[in-house]
Structure formats: structure tokens, C-alpha cells
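Please open the model in your viewer and keep the selection panel at hand. The tour below moves from one selection to the next.

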Amino acid sequence: MNDLMKAMEMPDRGFPQLHPGDSVRVHVRIVEGNRERVQVFHGTIIRLRRSGNDANFTVRRIASHGIGVERTFLLRSPRIEKIEVMRHAKVRRAQLYYMRNRRGKSARLKERRM
Amino acid sequence: MKGIIGKKVGMTQIFDDDGQVIPVTVIQAGPCYVTQIRTEEKDGYTAVQLGFEELPAKRNGDSRLTKPKRGHLNRNGMDLPDLRYLREFRVRNATDLDVEEGQMVTADVFETGDRVDVVGTSKGRGYAGTVKRHGFNRQPKTHGQSDRERAPGSIGATSTPGRVFKGTRMAGRMGNDRVTIQNLEVVVVDVDKHLLAVRGSVPGAKGGILLIKPTVKRRRG
């Protein structure tokens, strides 16, 4: 049965392997009226859900005035142009929700070289 | 005649050309065989009987079907494989008959963009109360109430009429009914894998048998 569902899956787009804690730059296609442009969202992955076509990940960044902004992307969406992994981090859990309660120095993650 | 028997595989989501998400139900549709054609003269109505899901033979090579069923599939030298399900699709005019007995029917009877009705058997809910079965409101949890949260309330007046009216909505068996969802859009047709995907949900559990036929709804023009 599950093999049959696989037939509906979008093709692998060759994105790099993502991990929680990664600093990423996500290039998303945005439609404004009838114009299309690519926007970059830069932040840390705090959640990753792998589930075929429904796979998604949440990126958190601190915008101006120290306001946290989180954005969830559908990994298989054709609107995602490119994902760049800038840095891996040493994290000990799969969901980094604790980052929401941290700011400044305590919101740093230790880098992990791969 | 357009119609096919299928099996619910499950739900997922796919993306359209704009990157919009479409929720879809994946259906394993066919391959089916035309096992019999019902005619006005012989049967009093016109319909096409389709058979679905080939059964593997027993280890000693015998058929898994009873002899009468096997004989039905062997009529007029058709020699069809063992089929688990037989279902009929009514045809309005005998002139619309465009299939022959023994012919194979595959998912390509539909194309993307077609509107279909899907018939299935809804999930059984067992003996369900009025809140679940008829959407009654719950009663207060507080203000001196006890044990009355999901009770149906009054089911009628007192000595006039002195009985409960027929058809009063009460608790009882729910689900496991034949349900038709009308006007679903066909999003994907994969003939090689015998798959259809329709937009939205479809009655029944995964693995449930579905009848897919052209919609009776008229397109707004």
C-alpha cells in the first residue's frame, strides 16, 4: 500500500540534508500580483518533519527590534528555489523550541564541523 | 460507460503548477474486467458488471472461487482471472454501451480534470450517542449538573401524545453506511500503476472498496 503512495511523491530536488540547529538560507519564490521574485529567509532550523510530500521544516530568525520570526516551509514545494546550509550546530534534541525563550548570548548554538 | 472499481490507498498532498498544495486521496483503480452486460431484454435494466482485484491461485493451482463464481467468469469462453469483487454500474441508454464482456477497464477511463462521484462504505462508529451521531449539543458540566453532559435531553412530551414520535433522533449504530461523495476532481491518472488521485476525501477506511463514476452533478456553465 505504501509503495502506491510513493508514486505521488514529488521528485527529490537534491537539497542538502537538513538537521535541527542548522543555519540556513531558504530561497522562496514569491508571487506579488503578477510579478514573481525570490526572497531569502535566513535563520535556524528549529523543527524538521519528514513525511513524504508533507515534509516541512521551521526556520526561526530574529528580525529587527529583537522580534522572533518563525516560518514553516514545505520541503517538497516547488516554490522553494534553493536551500543553503551555512553552518551545522551541536544540538541534543530534535525540536529546538527552547530557542524561543532565549535571546542574545544564550541563544547561541555551538558549531559542529562535518 | 465510464466507471471503475478501486481501493482506497490513503491521503497525501501534492503541489500544482503554481506551488499550491492540493489535498488528494490516492485510489488504486482497476484493472477491472467487464464480467457481464445486463440488458433491458434479459434483465430488465441496462448495466455493466465489473470485476476487480485478481486473487492469487492456491498453492496447488486451484481457483480460490467457488465453482458457480468461477463458471460466471468462464461464460462465453471469457476465461477471466479470479476476481474478488463484482459490482454493477448502471447505464442510462443502451446506446451508451461501449464495452464488451471480457474487456479490461483501466484507470484511463478518466482523465485529469474530470468530475467524479465516489461511493464507499463509511467507517463504522459502533453504538454512538446523540452528540456524535446527530450533532446534539452537550449539556452544562456545572451548575449542579451531574452525569448529564452527553445525554439527549427530552425525547417528547408527557401524556399527550404519551409516546415517542417515530423518527426521533436517538443513540444507535452509526457509520458503516454506503456514502457517496459527489463532484470530486480527478487530479492524477496513472495508468501504468493503476492509480487515481482525487481532490479531497473519500468515504471509508484505507483498503476499502470504492466505486468511481462520472458525477451526476451538472457543471455550471
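Begin by selecting B:Ile212, which touches B:Gly3, B:Ile4, B:Gly6, B:Ile27, B:Phe89, B:Phe110, B:Val116, B:Asp117, B:Val118 and B:Leu196, leaving aside residues up to four places away in sequence. Please keep in mind that this is a predicted model, for which the predictor gives the complex an ipTM of 0.76 and a pTM of 0.83. For chain B the mean pLDDT is 89, with 99% of its residues at 70 or more.

Next, widen the selection to the largest nonpolar core, a set of 28 residues in which B:Ile212 is one of those with the most contacts, together with B:Ile4, B:Ile5, B:Leu50, B:Val116 and B:Leu196. If you colour chain B by strand, you will find that the elements giving two or more residues to this core include E1 (4-15), E2 (21-29), E7 (115-121), E11 (195-199) and E12 (209-214). The element that gives the most is E12(B), with 4 residues. Apart from this core lies another, of 13 residues, and you can locate it by selecting A:Val24, A:Phe41, A:Ile45 and A:Leu48, which are among its members.

Now return to chain B and select B:Thr25, which lies in strand E2. Is B:Thr25 buried or exposed? B:Thr25 counts as buried because its relative accessibility is 0%. Show its side chain, and you will see that one of its polar atoms lies 2.4 Å from the backbone oxygen of B:Gly200. B:Gly200 also appears among the residues that B:Thr25 touches, as do B:Lys8, B:Met11, B:Leu196 and B:Val202.

Terms used
Residues numbered from 1 in each chain as written. Chains lettered and ligands numbered in written order. Predicted model: local features only at pLDDT ≥ 70, side-chain atom pairs only at ≥ 80, totals over all residues. Heavy atoms only, no water. Core = buried A, V, L, I, M, F, W, Y, C linked by side-chain atoms within 4.5 Å. Buried < 20%, exposed > 50% of the residue type's maximum accessible area, 1.4 Å probe, protein only. Contact = heavy atoms within 4.5 Å. Polar contact = N/O pair within 3.5 Å; in protein donor to acceptor, adjacent residues only side chain to side chain. pLDDT = per-residue confidence, 0-100.
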